[in-house]
Amino acid sequence: MNTAEKLARYVLPTYSRFSVSPVRGEGTLLWDADGKRYLDFCSGLATCTLGHGDNALSRAIARQAGDLIHCCNLYQIDKQAELAECLVEECLELQGRVFFSNSGAESNDGLVKLARRFGRARTGDKAESRHEIITFHQSFHGRTLGGIAATAQSKVKEGFDPLLPGFHHSPLNDLESLASAIGPATCAIMLEPIQGEGGIHLATPEFLRGVQDLCEQKDLLLLLDEVQCGLGRTGNMAGWRSIEPSLTPDAVSWAKGLGGGFPVGAFWVSDRLTSQNKPLFELLGTGSHGSTFGGSPLACAAAQAVLREVIDNDLPQRATLHGQTIRATVEGWQHQAITEVRGKGLLLGVGLQAAAFDAPEGTPASIHLSKELAKSGLLAPPAGPDTVRLMPPLTVSEEEIHEALGIFRHTLDQLCN
Ligand SMILES: Cc1ncc(COP(=O)(O)O)c(C=O)c1O
C-alpha cells in the first residue's frame with residue numbers, strides 16, 4: 001500500500017487530501033519521496049513561520065528535548081514564563097496574562113470561557129446571566145464544540161447538534177447589523193481581524209473602531225481570534241494593528257505560526273479593570289482552566305525560538321514588502337480569471353472568477369486551481385470555493401516569490417484561455 005492507500009485504510013476520512021506527499025523540507029521548499037520539488041506557499045496553513053528545517057528552531061527543540069520535554073503546570077516552568085513575557089512585552093506591548101494551550105480551537109475555547117465568566121460576573125448568579133457571543137459570517141474558530149458553535153459556517157456544524165448555545169452570527173463590516181444584534185444576553189464580540197479559512201476577508205478599520213466603541217458603550221468584551229493572522233504574518237506582531245493600530249482588545253488567541261510547526265497555542269487576557277474594579281484576567285483564577293500539555297518546556301522553547309527569529313530579523317517588515325510585491329504582480333496581470341487580491345503581508349487570498357475555469361462538475365474553482373498548481377510544483381491552498389491563498393513562510397526569498405508567481409500565471413493561462 002502507498003501512503004494514500006494506507007491513509008484511506010487506517011485514518012478517519014475527515015480530510016480531502018491533495019496527491020502530494022512531502023517527506024523533507026528546507027526553507028520554502030518541500031520534496032516528496034521521488035524527489036519532486038514544491039514551493040510551499042501553504043506553510044502548513046500559515047503555520048511554518050520560518051519555513052522548513054530552520055536551524056534556530058530545530059536546535060532549540062533538540063536542546064530542550066535533551067534537557068526537559070515535559071513538566072506539568074503544578075510546577076514553575078521557566079520557558080513558559082519567558083515566552084509569556086515575550087508575548088506580553090514584545091508582541092502585544094499590552095499588559096495582561098497569558099494561558100498556554102495546544103491549538104487554535106483550544107485557545108478560542110479559553111476566550112469563550114472568559115466571556116462566560118465576564119457575563120456571569122456582571123449579573124451575579126441570576127438565571128438570565130449574560131452569555132451570548134457575537135461572531136461573524138464566514139468566520140472560522142476551530143473544530144471543538146466551542147469552536148464549531150462560534151464558527152459561522154454551517155458546514156462545520158452539520159450533524160453535531162445540540163451545539164453549545166449562546167452564539168449569534170452577524171455580517172462582517174456591517175455596524176448597523178451588529179448594533180441591532182446586541183441584546184441583553186450579549187457579553188462579547190469575537191472576530192478574526194482577517195478571516196482566514198473563510199476566504200481572506202478583512203475587517204475594515206472603521207468597522208474595528210465601531211466594534212470597539214460598541215464594546216465600550218455596552219460593556220462587552222472584545223475578543224480577537226489571531227490564530228491565523230497573528231504574530232507577524234500580516235506585517236505586525238499584532239495582526240489587527242496592520243489594519244487599525246488604535247484597537248485595544250480584551251483578549252487575543254494564537255496558535256499556528258506561534259510554534260513554527262510545533263503544536264502550541266495561547267491566549268492573552270488584558271489587565272484592564274472590569275466594572276467590578278478587578279483586572280479582567282482575574283476572572284480566570286486558580287482552578288478555572290487548565291491543560292496537561294499546555295505550556296510545556298518543549299513547546300515554549302520552540303515558540304520562543306520562533307518569536308526571537310521573527311522579532312530579531314524583523315520578519316513582519318519582510319512580510320509587508322513581499323506581500324506588496326505579490327499583490328502588485330498579480331494585480332498587474334489584469335487576468336480575466338482573477339477578481340481581486342485580498343489580505344495583508346503574507347496572508348493573501350487571490351479571488352477567482354469561477355466562470356473562467358473549466359473545472360470538473362462539482363469541483364470548485366479554488367480546488368481545481370490548487371490541484372493544477374500542485375502538479376506544477378506550487379502548493380497554494382484553497383479558502384472557500386473561489387479563493388486560493390498565497391501564504392509562504394515569512395523567510396521566503398524574492399526569487400522564490402518570482403518562481404511561484406511564474407507557475408501561478410502559467411497555470412492560469414493554461415486553464416483559462
Ligand atoms: C482563525 C482560526 N481560528 C481557529 C482555528 C483553529 O485552529 P486549530 O486548527 O489549531 O485548532 C483556525 C484554524 O484554521 C483558524 O484559522
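Where is Pro-162 found? In this predicted model, Pro-162 sits in the loop that links α6 (145-150) with β6 (167-170). The backbone does something a bit unusual on the way into that residue: the peptide bond from Asp-161 to Pro-162 is cis, and its omega is near 5°. Asp-219 is the other backbone spot to look at. It isn't a glycine, yet its phi is positive, at about 55°. Asp-219 is also a loop residue, placed between α8 (205-218) and β10 (221-225). For context, most peptide bonds are trans, and most residues other than glycine have a negative phi.

On to the ligand. Its surroundings come to 13 residues, and the ones that come nearest are Gly-104, Ala-105, Asp-225, Gln-228 and Lys-256. Sorted by class, the shell holds 6 polar residues, 4 charged ones and 3 nonpolar ones. Helix α5, which runs over residues 104-123, chips in the most, giving 3 residues to the shell.

Three of the nearest residues can be tied to particular ligand atoms. Asp-225 uses its side chain, where an N or O atom is 2.8 Å from a nitrogen atom of the ligand. Ala-105 works through its backbone instead, with an N or O atom 2.8 Å from a ligand oxygen atom. For Lys-256, an N or O atom of the side chain is 3.3 Å from an oxygen atom of the ligand. As for how covered the ligand ends up, it would expose 390 Å² if taken alone, and the protein buries 82% of that.

Zooming out, the chain splits into two domains. Domain 1 is put together from two stretches, 3-53 and 315-415, while domain 2 covers 56-312. Their C-alpha centres lie 27 Å apart, and the contact draws on 28 residues from domain 1 and 26 residues from domain 2. An interface like this is often sized by the accessible area lost when the parts come together. Here, the area buried between domain 1 and domain 2 is about 2100 Å², with carbon and sulfur atoms giving 60% of it. On the domain 1 side, the trio to look at is Leu-50, Lys-344 and Leu-347: together they supply 28% of the area that domain 1 buries against domain 2, more than any other three residues.

Methods
Residues are numbered from 1 along each chain as its sequence is written. This is a predicted model: local features need pLDDT of at least 70, side-chain atom pairs count only at pLDDT 80 or more; totals for chains, interfaces and linings use all residues. Side-chain values use heavy atoms; hydrogens and water are left out. A residue is near a molecule or strand if one of its heavy atoms lies within 4 Å of it. A polar contact is a pair of N or O atoms within 3.5 Å; within protein, one must be able to donate a hydrogen and the other to accept it, and residues adjacent in sequence count only if both atoms are side-chain atoms. Accessible areas come from the Shrake-Rupley method with a 1.4 Å probe; for residues, only the protein chains shown count as cover. Helices (H or I, at least four residues) and strands (E, at least two) are DSSP runs, numbered from the N terminus. Ala, Val, Leu, Ile, Met, Phe, Trp, Tyr, Cys and Pro count as nonpolar, Asp, Glu, Lys and Arg as charged, and the others, Gly among them, as polar. Domain bounds come from an automatic or database domain assignment. Contact means heavy atoms within 4.5 Å. Buried area is the accessible area (1.4 Å probe) that two parts lose on being put together, summed over both.
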